[in-house]
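Biologist: I've got the model open and I'd like to go through some of the labels people put on it. Can you take me through the reasoning?

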Amino acid sequence: MLFNSLDFAIFFPIVFILYWLVAKNKNYRNILLLVSSYVFYGWWDWRFLLLIAFSSLVDFLIGQKIYNTDNKKKQKQYLLVSLVVNLGFLVYFKYTNFFIDTFVDSFRLFGSELEVSTLNIILPVGISFYTFQTLSYTIDIYRKQLEPTKDWLAFFSFVSFFPQLVAGPIERASHLLPQFYKTYTFNYNQVKSGLLLMAFGLFKKMVIADRAALYVNEVYNNPGGYEGVETIMATVLFAFQIYCDFSGYSDIAIGAARTMGFDLMKNFDSPYFSKSITEFWRRWHISLSTWFRDYVYIPLGGSRKGKYRTYANLFIVFLVSGLWHGAAMTFVIWGVIHGIIIVFEKATYKIRTKISNTLGLSAYTFANKLFFVIITFVIVDFAWLFFRANSFADASIIIQNMFNNNFYELFGTDLYLIGLKENEFLALFLSIIVLIGFELNHKKYNMVNWLNKQSIILRWSTYLAIAMVLTIFGVYGDDNVSEFIYFQF
Amino acid sequence: MRNFSVLLIKLVILTIIYALFLSILGGFFISKKSGNKTWDSFYNQPSNSIDLLFLGNSHIGNGIDLNIVTVKTKANVNTIYSSGQILNQIYYSFKETLKYQSPKLIVIETFAIPGDSIYYFKDPVKESDVPFKAKIQSFDSKKIGLVKLNEYLDIYKDEEFLPTFFPLIRNHSNWNKEDFVTNNLFEEYNPVNSTRFYKGSSNSITTLSKKRVEGYKKKTFKNEPFKIAENQLEYFNKIMELAKKHNIEVMLLTIPYFKEYRNKIDYSSFHTEINNLALKNNIKHLDLNVVFPDWDNTNFSNEYVGYNQHVNYKGAIKTSNYLSNFINTNYNLNSNVIPKSLPEFYLYNDIKRDTLKEGNRLLGNLEKINGTKNKQYKIRQGSSPLVLDGWTAIENIDSKNSEIFIGLKSDNNSIYVSKASQFKPIERKDVSKFFKKENIYDNSGFKINVNSLLLEKGKYKVFMIIRNSEGEVLVKNSNKRIEII
């Protein structure tokens with residue numbers, strides 16, 4: 001079920017009302033959450049439910065087994081079973097065809113043709129997200145950072161919690177699972193803030209991301225047909241598309257959970273205001289970055305085993321992160337680019353600081369900050385090019401064509417023939433400006449608090465205006481409903 | 001839980017206000033087609049003022065000119081039609097009209113009576129498969145009420161609820177069409193809007209091209225006996241019951257088919273089936289295919305070769321004249337409407353009116369016919385279009401809000417009144433300057449382009465006609481003559 005669908009618009013209010021009617025009874029509430037989450041997930045394909053139920057069951061049992069034995073070897077074996085089951089599903093559903101293709105391609109490099117056909121495998125939505133979530137549970141128990149739960153209902157609800165099931169935030173059991181043991185009382189302001197956050201998420205998704213997609217898809221699906229400013233525009237718009245798509249989803253997820261009293265972790269923190277790639281990764285998809293930090297980077301040795309090993313570990317993390325995002329070379333290249341830049345930033349940090357000090361450049365001036373924000377955005381956006389391109393060959397064509405000079409088009413009307421009309425461009429840019437303004441100010445002034453202090457007329461007018469903007473300027477309808485980009489990962 | 005209840009109540013109120021906003025704004029996002037305009041026109045009529053009501057789909061909309069019927073029957077006439085409409089929708093439309101009007105006669109065009117297939121003589125299409133866009137035009141324009149609700153419950157699918165009741169949701173992306181919403185707003189609130197005299201008349205001014213005629217010759221159509229769909233027959237019976245209850249006479253009318261099509265289908269079975277239906281219900285059926293069996297392509301619009309072709313304005317002039325005489329002979333509408341706002345009223349009745357009550361005269365000059373200033377102009381039918389240049393205005397009245405027409409009246413009483421789509425405004429500052437009236441005649445210029453194939457052969461007098469914002473019409477003979485040979 002998509003958040004931006006009529007199905008969800010009917011589903012969510014029903015769940016919300018029922019939830020608060022049974023909220024005082026923990027078991028009833030968890031039953032409701034489990035059933036509604038399974039309905040939500042099964043809406044795509046009921047067969048996916050077998051997978052998630054099996055995965056939940058395995059981790060629930062293994063968590064207890066690990067905890068109940070003091071035998072280190074047995075603990076390791078149990079953990080291995082959990083890893084094999086969870087990663088096995090992930091690898092099978094997500095990477096089988098990628099490995100087959102890569103295998104065939106590598107033979108082709110040596111002049112031999114292999115007759116191996118790919119398998120017809122449907123990728124279960126959000127498998128990468130809930131797999132990582134359940135893995136963190138068993139790993140944390142293995143590390144003795146968490147006690148296993150005996151409440152299977154709470155655990156199954158935790159794994160399948162519908163707001164964040166298919167595209168995160170990837171929650172840790174230590175943070176989310178205890179919230180299923182509590183009972184909640186209805187908090188009016190919390191619910192309101194959750195609803196507003198959901199509306200803001202929908203704005204990002206429907207008004208910005210999906211409109212930008214109309215232009216981006218046209219260019220990226222016909223890479224040979226566009227050049228210069230057309231491809232640059234598409235690449236810049238993709239940066240906003242993917243941010244608004246993904247952070248929009250996170251906002252709706254966090255907001256929906258908040259309306260039911262749950263607190264999900266922050267997943268984005270205005271990442272395009274970052275002044276370095278290192279900072280970018282502290283602000284982008286925070287739940288995944290911290291997951292990789294805790295369960296890949298640190299087990300590899302982190303920064304404890306010397307400079308070069310640190311660089312290698314960082315690089316590996318980003319390589320794996322690229323692969324996590326998708327089974328294609330373009331995602332691997334995207335990860336590699338980020339890995340290289342992160343290593344470069346780490347390796348040159350001291351010398352760059354020294355040069356800045358020698359030149360008397362203050363890191364705190366507006367010009368300096370702006371300069372690095374722009375540089376970071378350009379690098380991130382260049383990497384997005386690979387992320388979005390349908391293939392490596394397409395990415396090469398786009399990069400080549402990008403340097404053909406047709407900047408005069410910025411002052412003409414040719415751009416308006418590519419997926420978006422002139423007034424659609426205008427609406428898109430205005431929406432992006434609203435978004436930037438909101439992100440710049442939200443940290444200083446809490447918009448929800450500000451709104452709460454206004455008169456009823458202004459408050460209700462704002463709510464209605466939000467609803468009308470979504471209705472009129474949102475991209476939806478039979479031909480336009482688009483899934484969230486991160487569902488595929 | 002008090003807070004929970006408070007929140008729910010607030011959300012419900014907010015949702016209701018939101019739904020109201022959606023409903024109010026929805027109309028401005030609709031691309032208004034003839035079907036919507038006929039309803040707008042209908043609701044603008046004083047209650048219980050309509051004598052004669054036409055019901056059907058695009059074939060009645062294109063096949064009859066209501067201005068002519070109004071003038072010739074002296075009745076207040078209206079059409080309710082929308083493209084693709086069939087009997088079940090017509091039933092609800094008829095029901096809705098009875099809330100406001102009590103017509104003496106309703107005329108149902110028979111192309112709206114479907115056989116096995118809702119679009120007969122094509123492969124079967126089930127009633128439930130009627131495309132949404134074919135149902136929604138008429139529905140959109142109806143006022144909210146029980147009839148509308150029942151129509152939804154009867155005809156629409158569950159998943160069509162939102163797009164049906166909230167056209168803004170369905171048409172939201174129309175905001176990106178340049179000036180679309182503002183034009184709709186302007187149209188709605190401008191007292192001199194272009195539809196104020198619109199009742200659903202034929203506006204088609206194209207003629208079926210020879211290429212498309214060839215297309216008809218090559219195309220095959222389903223040639224099986226026609227039988228009215230049983231479910232639709234039930235709706236017909238319901239219409240008859242309603243009509244009987246309200247003491248309304250019913251007539252069936254079949255608009256002419258293009259003969260290349262008619263000859264390829266089992267038309268006689270259709271004719272017989274409809275005749276039997278009329279006989280069974282003791283009503284009349286006028287089949288204009290019998291009256292006009294040999295119409296050529298110039299009487300039909302130049303649309304894609306689908307199945308039945310729409311009649312154009314040239315054909316509609318003939319059907320409307322014949323139908324009016326038929327109604328006058330067979331029905332007693334007992335009305336004496338004087339349609340002073342229709343140019344046809346003056347031409348058909350030979351009424352000379354070139355001065356307003358207040359004494360303001362019609363000024364103007366038909367300066368050129370196809371670029372020449374000759375008083376007599378001869379043209380071979382179909383050789384080239386007729387382009388009429390000139391200016392006309394009402395003395396001392398700003399020409400900005402006036403509508404300009406050209407009327408052509410032949411010696412054998414064939415009358416043609418130009419349509420809005422044939423009119424191109426021309427700025428004429430020189431006219432204002434000549435009369436020393438600052439700017440008021442700037443909008444008096446016109447260029448009217450008439451396809452000569454739309455005119456019957458004969459000698460025509462040319463009239464300049466103007467209608468002011470109050471709907472008053474002035475007519476003046478230009479003293480120029482055109483001969484179509």
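Biologist: What makes B:Glu151 and B:Lys142 a salt bridge?

Modeller: One thing up front: this is a predicted model. The side chains of B:Glu151 and B:Lys142 come to 2.6 Å, N to O. A salt bridge needs a Lys or Arg side-chain nitrogen within 4 Å of a carboxyl oxygen of Asp or Glu, so B:Glu151 and B:Lys142 at 2.6 Å qualify.

Biologist: And why is B:Glu151 called buried?

Modeller: Its relative accessibility is 0%, and buried means under 20%, so B:Glu151 counts as buried. B:Lys142 gets that label too, because its relative accessible area is 3%.

Biologist: Which residues does B:Phe139 touch, neighbours within four places in sequence left aside?

Modeller: B:Phe139 is in contact with B:Lys148, B:Glu151, B:Tyr152, B:Tyr156, B:Thr164 and B:Phe165. B:Phe139 itself sits in helix α6 of chain B, residues 132-141.

Biologist: What makes B:Phe139 buried?

Modeller: The value for B:Phe139 is 0% relative accessibility. The limit for buried is under 20%, so B:Phe139 is buried.

Biologist: How far is B:Phe139 from B:Asp398 in space?

Modeller: They're 39 Å apart, C-alpha to C-alpha, with their positions 259 residues apart in sequence.

Biologist: Over to the strands. How do you know that B:Glu403 and B:Arg467 form a salt bridge?

Modeller: The N to O distance for B:Glu403 and B:Arg467 is 3.2 Å. The cut-off is within 4 Å, so the B:Glu403 and B:Arg467 pair makes it. This pair links distant parts of the chain: B:Glu403 is in strand β9 (residues 403-410) and B:Arg467 in strand β13 (residues 458-467), 64 residues apart.

Biologist: Why is B:Glu403 called partly exposed, and what is B:Arg467 called?

Modeller: B:Glu403 has 24% relative accessibility. Buried is under 20% and exposed is over 50%, so B:Glu403 falls in between and counts as partly exposed. B:Arg467, with a relative accessible area of 5%, is buried.

Biologist: Where is B:Asn275, then, and how far is it from B:Arg467?

Modeller: B:Asn275 lies in helix α14 of chain B, residues 267-280. Its C-alpha is 42 Å from that of B:Arg467, and the two are 192 residues apart in sequence. B:Asn275 is partly exposed, because 25% relative accessible area lies between the 20% and 50% limits.

Biologist: I noticed some odd backbone angles. What stands out about phi of B:Asn396?

Modeller: Phi of B:Asn396 is near 65°, which is positive in a residue other than glycine. You'll find B:Asn396 in the loop between β8 (386-394) and β9 of chain B. B:Lys436 is another non-glycine residue with a positive phi, about 55°, and it's in the loop between α18 (429-434) and β12 (445-450) of chain B.

Biologist: Why is B:Lys436 called exposed, but B:Asn396 partly exposed?

Modeller: B:Lys436 has 76% relative accessibility. Exposed means over 50%, so B:Lys436 is exposed. B:Asn396 has a relative accessible area of 44%, and that lies between 20% and 50%, so B:Asn396 is partly exposed.

Biologist: Now chain A. What makes α5(A) oblique to α6(A)?

Modeller: The axes of α5 (residues 127-142) and α6 (residues 152-160) of chain A come within 9 Å and cross at roughly 140°. Roughly antiparallel takes an angle over 145, and 65 to 115 is roughly perpendicular, so α5(A) is oblique to α6(A).

Biologist: Which residues meet there?

Modeller: From α5(A) they're A:Tyr130, A:Gln133, A:Thr134 and A:Tyr137, and they meet A:Phe155, A:Phe158 and A:Val159 in α6(A).

Biologist: How do you know that A:Glu439 and A:Lys204 form a salt bridge?

Modeller: The N to O distance for A:Glu439 and A:Lys204 is 3.9 Å. That's within 4 Å, so the A:Glu439 and A:Lys204 pair counts. A:Glu439 is in helix α17 (residues 422-442) and A:Lys204 in helix α8 (residues 188-221) of chain A, 235 residues apart. A:Glu439 and A:Lys204 are both buried.

Biologist: Last one: why is A:Leu18 called partly exposed?

Modeller: A:Leu18, in helix α1 (residues 6-22) of chain A, has 40% relative accessibility. That lies between 20% and 50%, so A:Leu18 counts as partly exposed. A:Leu18 also belongs to a nonpolar surface patch with A:Leu6, A:Ile10, A:Ile14, A:Ile17 and A:Leu21, with about 540 Å² of accessible area together.

Technical notes. Residues numbered from 1 in each chain as written. Chains lettered and ligands numbered in written order. Predicted model: local features only at pLDDT ≥ 70, side-chain atom pairs only at ≥ 80, totals over all residues. Heavy atoms only, no water. Patch = residues over 30% accessible without salt bridge, like charges linked within 9 Å, V, L, I, M, F, W, Y side chains within 5 Å. Areas by Shrake-Rupley, 256 points an atom, 1.4 Å probe, with all protein chains shown as cover. Helix = DSSP H or I, 4+ residues; strand = E, 2+ residues; numbered from the N terminus. Buried < 20%, exposed > 50% of the residue type's maximum accessible area, 1.4 Å probe, protein only. Axes fitted to C-alpha atoms, helices over the stretch in contact; angles between N-to-C directions. Parallel < 35°, antiparallel > 145°, perpendicular 65-115°, else oblique. Contact = heavy atoms within 4.5 Å.
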